Amino acid sequence: MIKVKQLNKYFGDLHVLKNINFSFQEGKTTVILGSSGSGKSTLLRCINMLETPTDGSIYYRNEIIDPVKNIKLIRQKIGMVFQSFNLFSNMTVIENVTYALKVVKKMPNEEAINTALVLLKRVGISDKKDAYPSKLSGGQKQRVAIARALAMNPEVILFDEPTSALDPEMVSEVLEVMKTLTHTGLTNIIVSHEMGFAKEVADYIIYMDDGMIIEEGPKEDFFKKPKTKRAQDFLQKIL
């Protein structure tokens, strides 16, 4: 569904992504692992052109993603959930979820509200529909962010360390919602430090180090018999 070819990204003299090549399979959940600074989040942000690649190409259903020509249309198919929620603070929960439906999809107000209510119920937060983000916990905000991403009926959702800004007791409620999105036909690409979660939901694992994909493959192979010394050392430290 998404192909990354010879992707490089520089920030000034810093070479953050180095010749990345990978194909993300439709309907599968890929978890990207690696130490801080390995390039995981930058790779995710390049996929939907929040960061413009220095060189290389990214394809969505064999169509090259162009930050000028087609990115707005493709972003309607690729949702994103950020670690810092990025909710509109001046809008209620239901307004956050309905905004893109009304502005981008031109959906009538009543239909947008009904769609939002279904999604808020799905993520377990319909009782907060009239609250503002300032009145929500971190876990509640992230569940609203997931509902907002789902509202556009995407084919792919990118999760950029969605639990890293949460207090420990709130992590599980967000991970439980994310689990319900796996193996449903939706393509999930997740940057995460949650190893137990990765073991449970991932179809494939990418392990990154120093801006490169060091190892990739089915989760069973990665966790049971990692091939590279770097991956072995990484797993020894965190498991």
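Which residue stands opposite L158 in β7? Keep that one in mind for a moment, everyone, and welcome. Before we answer, please remember that what you see above is a predicted model.

Here is the answer: M80 is the residue that stands opposite L158. Let's use that pair as our way in. Strand β6 covers residues 78–81, and β6 pairs with β7 in the parallel sense, over four bridges. On to the next neighbour: β7 is also joined to strand β8, residues 187–191, by five bridges, and these two run parallel as well. If you want a spot to click on, try I157, whose bridge partner in β8 is N188. To get from β7 to β8 the chain passes through α6, and this β-α-β crossover is right-handed.

Now, how many of the five residues of β7 are buried? Five of the five, with the strand spanning residues 156–160. In a regular strand, side chains alternate between the two faces of the sheet. You can follow that here: V156, L158 and D160 point one way, I157 and F159 point the other way, and all of them are buried. Do notice D160 in that list; D160 counts as charged, and D160 is buried along with the others.

Let's stay with M80 a little longer and turn to pockets. Rolling a probe the size of a water molecule over the atoms shows where empty space is left. The largest pocket here holds about 560 Å³ of space. It is lined by 19 residues, and the ones closest to its centre are R75, M80, A100, R148 and M152. So there is our M80 again, facing us from a new angle, as one of those closest residues.

Which element gives the most to that lining? Helix α3 does, with four residues. At least two residues each come from α2 (71–75), β6 (78–81), α3 (93–103) and α5 (138–151). As for chemistry, the lining divides into 11 nonpolar residues, five polar and three charged.

Next topic: salt bridges. Side chains of opposite charge can pair when their charged atoms come close. Across the whole structure, a search finds 11 salt bridges. Let me show you a few.

Start with D130 and K129, whose side chains meet with N and O 2.9 Å apart. D130 is exposed, at 52% relative accessible area, while K129 counts as partly exposed at 30%.

Then there is E200 with K179, where the closest N and O atoms are 3.0 Å apart. This pair links distant parts of the chain: E200 sits in helix α7 (residues 195–201) and K179 in helix α6 (residues 168–179), 21 residues apart. You have met α6 already, as the helix in the crossover from β7 to β8. Both partners are partly exposed, E200 at 46% relative accessibility and K179 at 22%.

A third example is R45 with E51, with 3.8 Å between the closest N and O atoms. R45 is partly exposed, at 26% relative accessible area. Salt bridges that share partners join K9, R45 and E51 into one network.

Let's move to the other sheet on my list. Strands of a sheet pair through backbone hydrogen bonds, either parallel or antiparallel. Here four strands form an open sheet in the order β2-β1-β4-β5, and the pairing is antiparallel. Which strands sit at the edges? Those are β2 (14–24) and β5 (63–64), each pairing on one side only. Between β1 and β2 there are seven bridges, and the two run antiparallel. To see one match across them, find L7, which stands opposite I20 in β2.

Last, two residues with an interesting backbone. Most residues other than glycine have a negative phi. Q6, however, has a positive phi, near 50°. Q6 lies in strand β1, residues 2–11, and is partly exposed at 43% relative accessibility. F85 has a positive phi too, near 70°, and is found in the loop between β6 and α3. Is F85 buried or exposed? F85 is buried because its relative accessible area is 12%, and buried means under 20%.

So, to go back to where we began: M80 stands opposite L158 in β7, and M80 is also among the residues closest to the centre of the largest pocket. Thanks for listening, and do find M80 in the structure above.

Conventions: Residues are numbered from 1 along each chain as its sequence is written. This is a predicted model: local features need pLDDT of at least 70, side-chain atom pairs count only at pLDDT 80 or more; totals for chains, interfaces and linings use all residues. Side-chain values use heavy atoms; hydrogens and water are left out. A salt bridge is a side-chain nitrogen of Lys or Arg within 4 Å of a carboxyl oxygen of Asp or Glu. Buried means under 20% relative accessible area, exposed over 50%, partly exposed in between (1.4 Å probe, protein chains only). On a 1 Å grid over the protein atoms alone, a cavity is a set of points where a 1.4 Å probe fits but cannot get out, and a pocket is an open set with protein on both sides within 12 Å along at least five of seven lines; lining residues have an atom within 4 Å of a point. Grid points are joined across faces, edges and corners, and a volume is the space filled by probe spheres set on the points. Two strands pair if DSSP finds at least two bridges between them. A crossover is right-handed if, with the strands pointing away from the viewer, the path from the first strand over the helix to the second runs clockwise.
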